[in-house]
Structure formats: C-alpha cells, structure tokens
Amino acid sequence: MSDTAYPAPPLPPRIEFVRSITSEADLNADTTFSASVATFLAGEQIPEGRIAEPAGLAVSADGQRLYVADPLQHKVFTFDFGKKELRKIEVGYPTGVALDDQENVYVVDGVKKGVVVFDRKGGLAGRSEVKSAHSSLPR
C-alpha cells in the first residue's frame with residue numbers, strides 16, 4: 001500500500017489518492033500529482049479556468065459531479081464526470097461549498113459575507129447575508 005491512502009496500514013484504506021483534476025482537459029486525461037508539481041516548479045502561470053486554490057469541495061450523491069470552491073479564481077468549478085464537462089459559477093470569494101438533496105449549491109462568499117445558493121445548473125436561487133457577530137455586542 002502506498003503512502004497515498006488513509007488510514008495507513010494495517011487498517012483497511014477508506015480514502016486513496018487516485019489522480020489530480022485541475023481543469024476540463026483532465027477529465028479525459030490521466031493526470032498525476034507529480035506532473036502538477038513539475039509544472040508548478042517550472043513556473044507556469046495558472047491559466048483562467050484552472051483550479052488554483054481549492055478551498056472547499058462537495059460531491060453529488062451519485063458521485064458524478066465534483067464541486068470545488070476556488071477563491072483565487074472567484075469561481076466554483078463543477079466537474080461532471082458522466083458528461084465529461086466543466087461548468088464554472090462566478091462567485092465573489094468562495095471559501096466553502098455544500099450541497100442539499102436537490103443538489104442546490106450553497107457557497108460561502110467572503111465578499112458578500114453570506115451564503116449564495118445556486119441551482120444544479122448554476123443559476124442563482126437565493127442568498128443570505130450574515131450579520132457581523134460584533135454588531136450585536138453592547139458598546
């Protein structure tokens with residue numbers, strides 16, 4: 001067993017690194033972490049539409065879609081493995097992502113200081129602002 005599994009032996013692994021996915025091209029290609037490190041060390045600039053700083057992720061109940069919040073790109077990326085496509089949702093500063101049972105996408109937005117809700121296709125479904133905890137403190 002490699003060191004890319006959790007938990008370490010002798011327990012049976014429950015999580016194992018399989019491959020890296022950072023862009024739409026990776027859905028059709030087999031990528032590895034070492035290739036990503038080599039590219040990083042060579043000094044490649046991160047192109048538009050490529051995950052730069054994953055801050056949160058969620059997986060659909062059927063395991064066919066992966067949602068990744070990337071605050072550096074100001075997007076939530078949706079990788080649809082069944083359709084082999086990538087969708088992007090523009091968000092101010094996404095720092096977390098979660099799904100409900102209808103697969104609505106809940107995104108923590110640091111710019112709007114609240115939660116923005118999108119439907120499965122990326123359409124805006126709602127938002128809620130979070131009031132500062134300091135605003136309720138006595139002065």
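Okay, let's start with one pair of residues: Val 68 stands opposite Phe 77 in strand S5. Keep in mind that what we're looking at is a predicted model.

So where does that pair sit? Strand S4, residues 65-70, and strand S5, residues 75-80, run antiparallel, and six bridges join them. Now zoom out a little. S4 and S5 belong to an open sheet of four strands, and the order is S3-S4-S5-S6, with antiparallel pairing. At the edges you'll find S3, at 56-59, and S6, at 85-90, and each of those pairs on one side only. Going from one strand to the next, the twist averages 15°.

Right, on to the other sheet I want to show you. This one is also open, with four strands in the order S7-S8-S9-S10, and again the pairing is antiparallel. Here the edge strands are S7 and S10, each pairing on one side only. Neighbouring strands in this sheet are turned by 20° against each other on average, ignoring direction.

Let's spend a moment on S9, residues 114-118. How much of S9 is buried? Four of its five residues are, so this strand is largely enclosed by the rest of the structure.

What about the neighbours of S9? On one side there's S8, residues 105-109, which runs antiparallel to S9 and is joined to it by five bridges. If you want a pair to click on, try Tyr 106, which stands opposite Val 117 in S9. S8 and S9 make a hairpin with four residues between them, and in that turn Lys 113 has a positive phi of about 50°.

Then there's S10, residues 124-129, also antiparallel to S9 and also joined to it by five bridges. Val 117 turns up again here, this time opposite Gly 126 in S10. Val 115 has a bridge partner in S10 too, namely Ser 128. The hairpin of S9 and S10 has five residues between the strands, and Gly 122 takes a positive phi near 100° there.

Last thing: how confident is the predictor? The protein averages a pLDDT of 79, with 63% of the residues scoring at least 70. Which element has the highest mean pLDDT, and which the lowest? The highest is strand S7, residues 94-99, at 95, and the lowest is strand S1, residues 5-6, at 60. And then look at residues 135-139: pLDDT stays under 50 there, and the model gives that stretch zero contacts beyond four places in sequence.

That's my tour, thanks.

How values were computed
Residues are numbered from 1 along each chain as its sequence is written. This is a predicted model: local features need pLDDT of at least 70, side-chain atom pairs count only at pLDDT 80 or more; totals for chains, interfaces and linings use all residues. Side-chain values use heavy atoms; hydrogens and water are left out. Two strands pair if DSSP finds at least two bridges between them. Helices (H or I, at least four residues) and strands (E, at least two) are DSSP runs, numbered from the N terminus. Axes are lines fitted to C-alpha atoms, for helices over the stretch in contact, and angles run from 0 to 180 degrees between N-to-C directions. Buried means under 20% relative accessible area, exposed over 50%, partly exposed in between (1.4 Å probe, protein chains only). pLDDT is the predictor's confidence in each residue, from 0 to 100. Contact means heavy atoms within 4.5 Å.
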